[in-house]
Amino acid sequence: MNEILFVVEEAEDGSYRASAVGQSIHTEAETLEALHSEIRDAVHCHFDEGQAPPLIRLHHVRQELLTL
């Protein structure tokens with residue numbers, strides 16, 4: 001595996017949540033900078049030594065609700 005993909009969403013309170021696609025890795029943080037650090041830590045904890053993918057891709061999802 002060359003990379004792992006995370007879906008990143010902003011919560012209603014302004015914090016951020018990230019979930020890996022195809023892996024049971026989930027984390028959250030108050031800022032994007034902190035989330036980046038949390039994601040790196042979570043990936044290193046999830047995989048055995050030397051098995052973590054070298055690249056982490058983030059896909060930011062933004063949900064909007066419109067009313068008529």
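What follows is a short look at the overall layout of a predicted model and at three of its residues, T27, S15 and E9.

The model is predicted, so to speak of local features a pLDDT of at least 70 is needed, side-chain atom pairs count only at pLDDT 80 or more, and totals for chains, interfaces and linings use all residues. Residues are numbered from 1 along each chain as its sequence is written, and side-chain values use heavy atoms, with hydrogens and water left out.

On the secondary-structure side, the protein comes to 1 helix and 4 strands, with DSSP runs of H or I (at least four residues) taken as helices and runs of E (at least two) as strands, numbered from the N terminus. Read from the N terminus, the order is β-β-β-α-β. Along the principal axes, the C-alpha atoms fill a box of roughly 50 × 20 × 15 Å. Of the 68 residues, 25% count as buried; buried means under 20% relative accessible area, exposed over 50%, and partly exposed in between (1.4 Å probe, protein chains only). For contacts (heavy atoms within 4.5 Å), pairs 24 or more positions apart make up 36% of those with a separation of 6 or more.

T27 sits in strand β3, which spans residues 26-29. With 14% relative accessibility, T27 counts as buried. Setting aside neighbours within four places in sequence, T27 is in contact with Y16, R17, A18, L35, E38 and I39.

S15 turns up in the loop between β1 (3-10) and β2 (16-20). Loop or not, S15 counts as buried, because its relative accessibility is 8%. The side chain of S15 is joined to that of D13 by a polar contact of 2.6 Å; such a contact is a pair of N or O atoms within 3.5 Å, where, within protein, one must be able to donate a hydrogen and the other to accept it, and residues adjacent in sequence count only if both atoms are side-chain atoms. Not counting residues up to four places away in sequence, S15 touches E9, E10, A29 and E30.

That list leads on to E9, a residue of strand β1. E9 has a relative accessible area of 33%, so it is partly exposed. Beyond four places in sequence, the contacts of E9 are S15, Y16, R17, V61 and Q63. Q63 is 54 residues from E9 along the chain, yet their C-alpha atoms are separated by 8.1 Å, and the two side chains make a polar contact of 2.9 Å.
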